[in-house]
Amino acid sequence: MTSSYEFAGDFSLLEVNLYPLNGQKINIKPLVLEITLYESVFSSALQAELSIQDIGKNLINTLPLVGQERVEIIISSDGFYYTLNYYIYSIDGRAMKEKNQVYIMHCVSIEAMRNENFRICERIDGRLSHEYIGEILKRDNYTDKKFHSDSTVFPFNMYVPNWRPFDLFNWMSTRSVPDYKKDSIGYLFYETFNGFHFKSIDVLLDQDAYPQKGFVYNYNQ
């Protein structure tokens, strides 16, 4: 399912479902104390944290939870419904008292999971970074999310030594020159609810390109 959203105003939590690796989905909304969703221009993937109060179920041991389970979060905002999918990569902060326990599920988008197993080992000849990154994201069903980029100049000629995609993308980010301002350098590769982005820092900070009333953006190295 393609994830591409623009949230506006308040939103309501409708469902939180856990999909074990072997078994039927489990409604864990009654167990959720707090959900924190993260997106940042300095993060290559979306992240989420779910604070869980597990009373009597002991999901960690009875399922068991071993990582990579899907967590489905369904919310509504301004009459629209959105389904967000994350995958568990870590559980910590566990505290127990009799049959009551609390812990935190740390989750990421599926592409962050695939990044750990996907390797690039090939020669790049005369490829612009924004075109090459877009190609890799569509290769072998890596993602079906939208890709937003600013055009670059000066192609890359290099050999990629078995790197993970996100490592390569971030390496290219610091060495790419935008067509928008050829005397500048520096991109950011990040994921938001609208997809993946490979954006020039100068374009992001351009007050005319992105007018925000009452806000002035500055970048400190």
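## N194 and its surroundings

In this predicted model, N194 counts as partly exposed, because its relative accessibility is 22%, and partly exposed covers the range between the buried limit of 20% and the exposed limit of 50%. The residue is placed in the loop between β13 and β14 (195-200). Although N194 and H148 are 46 residues apart in sequence, their C-alpha atoms are 8.9 Å apart in space.

## T192 in strand β13

T192 belongs to strand β13, which spans residues 187-192. With a relative accessibility of 13%, T192 counts as buried, since that class takes in values under 20%.

The side chain of T192 makes a polar contact of 2.9 Å with the side chain of H197. When residues up to four places away in sequence are not counted, T192 touches E39, L46 and H197. One of these residues, L46, is also found in a nonpolar core of 23 residues.

## Overall composition

The protein contains five helices and 14 strands. Its length is 221 residues, of which 42% are buried. The accessible surface comes to about 12500 Å², and carbon and sulfur atoms account for 49% of that area.

Contacts between residues at least 6 apart in sequence were also analysed by separation: 59% of them join residues at least 24 apart.

## The seven-stranded sheet

Seven strands form an open sheet in the order β2-β1-β5-β6-β7-β4-β3, and their pairing is antiparallel. The edges are occupied by β2 (26-27) and β3 (32-38); each has a single partner strand, so one side of each is left without a neighbour in the sheet. Helix α2, residues 110-117, packs on the sheet and touches β6 (80-97) and β7. The direction of α2 makes about 65° with that of β6.

Strands of a sheet pair through backbone hydrogen bonds, in either a parallel or an antiparallel arrangement.

## Strand pairs and hairpins

From the β3 edge, six bridges join β3 to β4 in the antiparallel sense; V32 has I52 of β4 as its bridge partner. Strand β4 (residues 47-55) in turn pairs antiparallel with β7 (residues 100-108) over nine bridges. In β7, I52 has Y103 as its bridge partner, while E49 is partnered by H106. Residue I52 can thus be followed across the sheet, with V32 as a partner and Y103 as another.

Strands β6 and β7 pair antiparallel over eight bridges, and I88 stands opposite C107 in β7. These two strands form a hairpin with two residues between them, and E98 in the turn has a positive phi of about 55°. Strand β5 (residues 70-77) is joined to β6 by eight bridges, again in the antiparallel sense, with E72 opposite N85 in β6. The β5 and β6 strands also form a hairpin with two residues between them; here D78 lies in the turn, with a positive phi of about 55°.

## Helix α3

Helix α3, which comprises residues 129-138, is mostly covered, with seven of its 10 residues buried. The buried set consists of S129, H130, Y132, I133, G134, I136 and L137. An α-helix has 3.6 residues a turn, so residues three or four places apart point the same way. In this helix, Y132 and I136 are among the buried residues, as are I133 and L137. After α3 comes D140, which has a positive phi near 50°.

## Nonpolar cores

The largest nonpolar core has 24 residues, and L168, F169 and F189 have the most contacts inside it. Two or more residues are given to this core by each of α2, β8 (120-127), α3, β11 (156-163), α4 (165-173), β13 and β14. With neighbours within four places in sequence left aside, L168 is in contact with I120, Y132, M158, V160 and W163. Of these, Y132 is one of the buried residues of α3.

Another core, of 23 residues, lies apart from the largest one. Its members include L18, L46, Y103 and M105. Y103 is the bridge partner of I52 in β7, and L46 is among the residues that T192 touches.

Note on methods:
Residues are numbered from 1 along each chain as its sequence is written. This is a predicted model: local features need pLDDT of at least 70, side-chain atom pairs count only at pLDDT 80 or more; totals for chains, interfaces and linings use all residues. Side-chain values use heavy atoms; hydrogens and water are left out. Two strands pair if DSSP finds at least two bridges between them. Helices (H or I, at least four residues) and strands (E, at least two) are DSSP runs, numbered from the N terminus. Contact means heavy atoms within 4.5 Å. Axes are lines fitted to C-alpha atoms, for helices over the stretch in contact, and angles run from 0 to 180 degrees between N-to-C directions. Buried means under 20% relative accessible area, exposed over 50%, partly exposed in between (1.4 Å probe, protein chains only). A polar contact is a pair of N or O atoms within 3.5 Å; within protein, one must be able to donate a hydrogen and the other to accept it, and residues adjacent in sequence count only if both atoms are side-chain atoms. A nonpolar core is a set of buried Ala, Val, Leu, Ile, Met, Phe, Trp, Tyr and Cys residues joined through side-chain atoms within 4.5 Å. Accessible areas come from the Shrake-Rupley method with a 1.4 Å probe; for residues, only the protein chains shown count as cover.
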